[in-house]
Structures are given as structure tokens and as C-alpha cells.
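Reader: I am new to this structure and would like to learn how to read its features one by one. Could you show me the general idea each time, and then the case at hand?

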Amino acid sequence: MEKLSNQEIQAKLSTIDASWIVKGKFIHREILFKNFMEAFSFMTSVALIAEKAAHHPNWRNVYNKVTIALSTHDADGITDKDFALAKEIDKILKK
């Protein structure tokens, strides 16, 4: 998997929720939930998809807040895999 150019990244940002931003070598998003249980449930749903795709997020959870940073370590940057996982995360959030 090849790392995307800055132009490719900017073009692909329009294909995912506007809450995603570029921070260095990552696409990044913070999500607030009503409580810890909602946040943890969301993380469980993402974990199942990430495991199936063999592409795992860098993330952090503090009570009702989940911070996600996606990057492809083997490519040392952002790839199509990151945008594919971001789209799946967006789908979970729309449910």
C-alpha cells in the first residue's frame, strides 16, 4: 500500500465526514458520546471492523470522548486503507 500525496489526501477528505482532519501523518477525529457506555460500544463496533480489515486505529478513550488517529504504519503515512476505515467508522456513527 502506497502513501497518498498531499493532493490525494485533500481530495479524499471530501469523501468522509467533515470532522476528520489531517494531523501530520494521520487523519484524526474526536467524537463525544452521551456517556462511557456509548463510547465503549462504539469502540467495540470499530474493533470488529478493524480486526477484519487487519487495520487498527490509534485511539484513546476518556469517559465519553474517543479520539481516533488513522495512519498506515507500513507506508509511514496515510493510505487508502485509512480512508476505507474512516468511511466504516462514519457508517457506525450514523446508525
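The dialogue below takes up salt bridges, helix packing and the surface in turn.

Author: Before we begin, please keep in mind that this is a predicted model.

Reader: Let me start with charged side chains: how many salt bridges does the count come to?

Author: A salt bridge here is a side-chain nitrogen of Lys or Arg within 4 Å of a carboxyl oxygen of Asp or Glu, and by this rule the count comes to seven. One of them joins Lys 12 and Asp 80, whose closest N and O atoms are 3.1 Å apart. This pair links distant parts of the chain, since Lys 12 belongs to helix H1 (residues 6-13) and Asp 80 to helix H3 (residues 80-94), 68 residues apart.

Reader: Are the two partners of that bridge buried or exposed, or something in between?

Author: The term buried is kept for a relative accessible area under 20% and exposed for one over 50%, with partly exposed in between. Lys 12 has a relative accessible area of 28%, so it is partly exposed, and Asp 80, at 37%, counts as partly exposed as well.

Reader: Which residues are joined into one network by salt bridges that share partners?

Author: Let us build that network one pair at a time. The side chains of Asp 17 and Arg 29 meet in a salt bridge with an N to O distance of 3.6 Å. Asp 17 lies in the loop between H1 and strand S1 (21-23), while Arg 29 lies in strand S2 (residues 26-32), so this pair ties together parts that are 12 residues apart in sequence. Arg 29 also meets the side chain of Asp 90 in a salt bridge, at 2.7 Å from N to O. Here the link is again between distant parts of the chain, with Asp 90 in helix H3 and Arg 29 in strand S2, 61 residues apart. Through these shared partners Asp 17, Arg 29 and Asp 90 form one network.

Reader: Where do the members of this network stand on the scale from buried to exposed?

Author: Asp 17 is partly exposed, because its relative accessible area is 29%. Arg 29, at 9% relative accessibility, counts as buried, and Asp 90 is buried too, with a relative accessible area of 7%.

Reader: Next, how should I read the packing of H2 and H3?

Author: Two packed helices are described by the angle between their axes and by the distance between those axes. In this model, H2 and H3 pack at an angle of about 145°, and their axes are 10 Å apart. The crossing in which H2 passes H3 is right-handed. Among the residues that make the contact are Phe 42, Val 46 and Ile 49 of H2, together with Leu 85, Ile 89 and Ile 92 of H3.

Reader: Finally, which residues form the nonpolar patch on the surface?

Author: A residue can enter such a patch only with over 30% relative accessible area and no salt bridge. The patch here consists of Phe 36, Met 37, Phe 40, Val 62 and Tyr 63, which together have about 540 Å² of accessible area. Helix H2 (residues 36-53) gives the most to the patch, with three residues. Phe 36 has its place in helix H2, and with a relative accessible area of 35% Phe 36 is partly exposed.

Key: Residues numbered from 1 in each chain as written. Predicted model: local features only at pLDDT ≥ 70, side-chain atom pairs only at ≥ 80, totals over all residues. Heavy atoms only, no water. Patch = residues over 30% accessible without salt bridge, like charges linked within 9 Å, V, L, I, M, F, W, Y side chains within 5 Å. Areas by Shrake-Rupley, 256 points an atom, 1.4 Å probe, with all protein chains shown as cover. Helix = DSSP H or I, 4+ residues; strand = E, 2+ residues; numbered from the N terminus. Buried < 20%, exposed > 50% of the residue type's maximum accessible area, 1.4 Å probe, protein only. Axes fitted to C-alpha atoms, helices over the stretch in contact; angles between N-to-C directions. Left-handed = near helix turned anticlockwise from the far one by under 90°. Contact = heavy atoms within 4.5 Å.
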